[in-house]
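This report concerns the disulfides of one protein chain. The sequence and the structure are shown first, and the text then takes the links one by one.

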Amino acid sequence: MKIQRSTIHPLITNTRYKLSLSNTIALTRKALGFSFFALLPTITQASQHSLVIAIDGLRGDGIESTATPHLDQLINGTWAEGYKGAFAHYAQTMTDAAPNSGPNHVGIMTGVTAKKSKVTNNSNVHGGDYATYPHYLKRLEEANPKLKTAYLVTWGTDLQIPSHADVIVDADDASNTQRTVQIMNGTYSTPNWPQGTTPDAVFLFLDDVDGAGHSCCFTPGDDGYRAEITEVDSQIGQVLTAIKNRPTFASEDWQIVMTSDHGGRGSSHGIHSADNYTIPFLVASKTVKQGYLQGVPRNYDAAVTAMAHMGLAIPSNLDGQVQGVNVLDTPPENIETDLVAYLQYEGDYSDTSDKHNHAAIGGGSPDLISGGKFGGYVGINGTNEYVTFGSIHDLDFGPSQDFTLMTWYRVTGDQSGDPVIMGNKDWQSGANRGTLLLANEDNGDDFGINIASYGGDRKDIDPIDYTFNGWWMIVATFDRDGASILYAGSPDGRLYMIADDISDVGDINSALPWNIGQDGTGTYKHNLKADLDDTAIWRRALSIEEVKSVFNGGVGNELKHLMEGHSGDTGNPPTLPAALDSSYTFSIGQILPVTISAVVSSEKCSLQWDNTLISGERNAKFDCNNPGDKMLLRVDAVSTLNNGDIDVTGIISADGGFGQLEWDGYKNLRGERNAKFDQNSAGDTVIITFTNNANSTIVRTHPGSETCGLEWNGRKLSGERTAKWDCHPRMDTFLFETAR
């Protein structure tokens, strides 16, 4: 945790005084005419501009489960024409100091780890070796004193890291956001920064996400944590808009770098574990490659990445690496590529991949039961019950083979000890050779990974907490020259992600069989007690897009349907029409990507989820100015009516984990209930009637004994109409277009 806010000197009590002091420092330094980096080349690219944003306490999975439209644009390469985004949700903090603010702030700003900076905690930031490893803004200023630089932070301790910037401010997030906007649009003014000054390099630290984590929880499952991430995204959006609105923007080459200092667990951080280490790292510019960053980016890569963009040679004694040049290969078109084992548990343990790596009962009497996540499932609920693949070549991953483990998991009570979900090592010691996907790895209700070739390269990637009475998706990907990422998707639509660097892990072939529910010996003292469905193994690391297509916002996609091309998340199959009507052949288990719209007074209004999240719920609305949000229609039942219409029973969810469509428990005097997207439940069942006219589709639901129809509100505010369920009922008609 951070020490109490303080400034570099007890007399510095307000922003005006701090600005005056920073101006004096900058003018004195420039008057001396001394350049510590005289041997480095002078920066000549006048059009190059840099913005580094550090978000305190932002976990790597904080963006994925939260509404962050502005960061999403940077990540997706859609922020501005010609700009692309290189991103990693699996980036890491430094590991030679606890994941706290002090050492990691220093690392972000200097490009070195604690071993070199000598800053190991929050209380010795002032003692850093800044003569050898100065702030990157100081390096820029020394290389070219004409550059205009700004340093805006939210923690007084950061002023102990000498930046030599032209503007130095310690204030709250909102104030610093406003100052940064003014700096970008040319309205900011101080004696050392005349109005209209063009900024060259700006550093902005935003703190409030960390505050939200300390208030409750550093987890995407906490409403307050997510709400603050959305607020910070809005502040970043203000800055980005100011940059784009610059009259000279078209001729400027901006680089935006974003990272964090640490993740967290519960209401704190500082623990040496993957949930504290895993953070995001983003580089957006005209020159980076679009995609996910190769290897394992570190937050101390921020300084050198900004320096390189500004044309500064990178000293060889820095630890950071320039990011944005190398990205991961695009995943294959078909998710079944390199699939080597797939158990559906439909009455047996047959492998339905084309490798025929069938499993068998290894011990006890596990039950094959109907009614799982996607049909049949295996229940492992007794002593020494487990399923085994035996020892097969396709599951030998050696020293370098990428691979992925996947299953759906459900329990109704606490596990005993730390049992194995899937693996091939002797779990008497985590230092033994092999790999394990685990339940209760941290001796709680949580998931984890253990992988090692020997004790010296052992990695434990944990924990992600889970809840009872629901199906969780678990995916563990292993990029052998990069990161291993543990994904856990909750029943309420949250996708949690933690990671660690496994590039130094050697040969993991253990000579033991791969078992499900037990370790490689089959005799580990803690036997798994859980239900498993749709278990699969690949000889490659799945991409996050593929993981999200399986998870499908908690609704889930059975792998066989993805393989058959039934989900829009991996590209629409050729047979999927532009709009759905009664001529389409629906099949149970399909996940159909759609947008839902209505024509109101010759105006098209489309279903959306609202950005505001309250207690895990978002209002549903029809936006008449913008395209609809992508929805996912899960088909649970299909029936043909006497007139040829088709009734489809299922669940409608907002793509990306933003909730399932529901009716509100409160009904007003007009017989109406609000329509909402709930992120904490599986959604209410709807019945959709498709006719031979695609524009005449109706949607109804049944609260108790009532029938309520989906409608748009007659009143329009700011181009939006609220969505409601009318229980008279009067039902509006809609168009279900297939989404791309």
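In this predicted model, the link of Cys708 and Cys727 is right-handed, with 100 degrees about the S-S bond. Because Cys708 lies in strand 33 (residues 708-712) while Cys727 lies in the loop between strand 34 (720-726) and strand 35 (735-738), the pair ties together parts that are 19 residues apart in sequence. The sulfur atoms of Cys708 and Cys727 are 2.0 Å apart. As for solvent exposure, Cys708 has a relative accessibility of 0% and therefore counts as buried, and Cys727, at 11% relative accessibility, counts as buried as well.

A further link is formed by Cys605 and Cys624, whose sulfur atoms lie 2.0 Å apart. The torsion about the S-S bond of Cys605 and Cys624 is about 100 degrees, which means that this disulfide is right-handed. The pair links distant parts of the chain, with Cys605 placed in strand 25 (residues 603-609) and Cys624 in the loop between strand 26 (617-623) and strand 27 (631-640), at a separation of 19 residues. Cys605 counts as buried because its relative accessibility is 1%, and Cys624, with a relative accessible area of 10%, is buried too.

The link of Cys216 and Cys217 is left-handed, with -50 degrees about the S-S bond. The sulfur atoms of Cys216 and Cys217 are 2.5 Å apart, and a pair of cysteine sulfur atoms is taken as a disulfide when they are within 2.5 Å. Cys216 has a relative accessibility of 33% and so counts as partly exposed; Cys217, at 21% relative accessibility, counts as partly exposed as well, since buried means under 20% relative accessible area.

The sulfur separations of the pairs are collected here.

| Disulfide | Distance between sulfur atoms |
|---|---|
| Cys216 and Cys217 | 2.5 Å |
| Cys605 and Cys624 | 2.0 Å |
| Cys708 and Cys727 | 2.0 Å |

How many disulfides does a search of the whole structure find? The search finds 3. When the bonded cysteines of the protein are numbered in sequence order, the pairing reads 1-2, 3-4, 5-6.

Key: Residues are numbered from 1 along each chain as its sequence is written. This is a predicted model: local features need pLDDT of at least 70, side-chain atom pairs count only at pLDDT 80 or more; totals for chains, interfaces and linings use all residues. Side-chain values use heavy atoms; hydrogens and water are left out. Buried means under 20% relative accessible area, exposed over 50%, partly exposed in between (1.4 Å probe, protein chains only). Helices (H or I, at least four residues) and strands (E, at least two) are DSSP runs, numbered from the N terminus.
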